[in-house]
Amino acid sequence: MVSIIQLLSNHGNRMKNHNMEEMLQKPGNISQQEMSTYIQNRNSKNYEEFVCGWGAAFVNIGFTFPINKVMFRQQLHGVRVCKAVGQLQKEGMRHLYRGLLAPLLQKTTSLSLMFGSYYKIQHYLTVEHPTLPLHGVRIFSALTAGTLEAVLCPFERIQVLMQDRQYKDRFDNTAHAFKEVRKYGFREYYRGLSAVLLRNGPSNVPFFLFRDYAMENLPRSDSQADRISQDFFCGAVLGATLSTIFYPVNVVKVKMQCKLSGDFDNFWTVFQKVWIERDRKLKKLFRGVHINFTRSFISWGIINATYEFLMRNMFGSNTRLADSKS
């Protein structure tokens, strides 16, 4: 097999070749070596995916935090959307963005790790072990990235406590909540970790596999508006679909994390409790899923479109295989 170094050195000349032009117009015909070269070239810097992931999360949180708060109330209490909105109205605008800091810190860092670590691990394995099957590399990279994100579980934990109305008068702000939870031991920060791990890794795998497939097969677009809309709908459909599939895991996670002190019940134990509380009805277990779908559709659309926009305009990175022709 041609060494990866020789492949990289010859890539520039091959890109000018007419046969390569035809291959790029039909990405499905590209060999694993050519795909590996594409992956290596799009990861030329050490930080761009981390920065763009952070920026995408920052933009997203500002837009979707109030929607997320309504959905959270439905997940925790099993109430209808009108009642959840009514609860927020009674609490007033002053409390609408209460608890924003924790998800802002968590989401920006989480998405920075998610995108950055996924592409860096993929890049490393492709360079150091070029014979590994590409799908295997991507699956491993996605699982590892999801596991790394779980380190940020304390931010999700505090976000749940800050949004639960039973703690409305107990915690002044995010910093105060962190301080109070610490009194119960460091382990308390990671309550619900099993649910986070069950969600992060397994949901990352299909997200990145299908996202990469789209990036490698979408046609070249010279229109900024068309490009943004394509990126938005790609992320929106993927995010909304996966968020719906993993919705029950999030319901259990919220139930686990709204508890302060006491025994640490495992995921299956809490799931059984929730199942009984919801009268053993799947419909009630998925209560709030419609607003979750809407939020995820908007949220992941914004994330994907913003990420791609920043990659192109801040770093001049060709994230689509078809763009490699230019």
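**Aromatic contacts in a predicted model**

Good morning. I begin with a cation over a ring: the charged end of R191 sits over the ring of F264, 3.9 Å from its centre. R187 also lies over the face of F264, at 4.0 Å from the ring centre. The criterion here is NZ of Lys or CZ of Arg within 6 Å of the ring centre and within 35 degrees of the ring normal.

A word on the source: this is a predicted model, in which local features need pLDDT of at least 70 and side-chain atom pairs count only at pLDDT 80 or more, while totals for chains, interfaces and linings use all residues. Residues are numbered from 1 along each chain as its sequence is written, and side-chain values use heavy atoms, with hydrogens and water left out.

Turning to ring pairs, the structure holds 21 aromatic pairs. Rings of Phe, Tyr and Trp (its six-membered ring) pair if their centres lie within 6.5 Å; planes under 30 degrees apart count as stacked, over 60 as edge-to-face and the rest as tilted. F115 and F208 form an edge-to-face pair, 5.8 Å centre to centre with 85 degrees between the planes. F115 belongs to helix α6 (residues 101-128) and F208 to helix α10 (residues 193-217), 93 residues apart. Helices are DSSP runs of H or I, at least four residues, numbered from the N terminus. Both F115 and F208 are buried, meaning under 20% relative accessible area with a 1.4 Å probe and protein chains only; exposed is over 50%, and partly exposed lies in between.

Finally, F115 and F208 join Y118, Y119, F207, W300 and Y307 in one aromatic cluster.

Key. Helix = DSSP H or I, 4+ residues; strand = E, 2+ residues; numbered from the N terminus.
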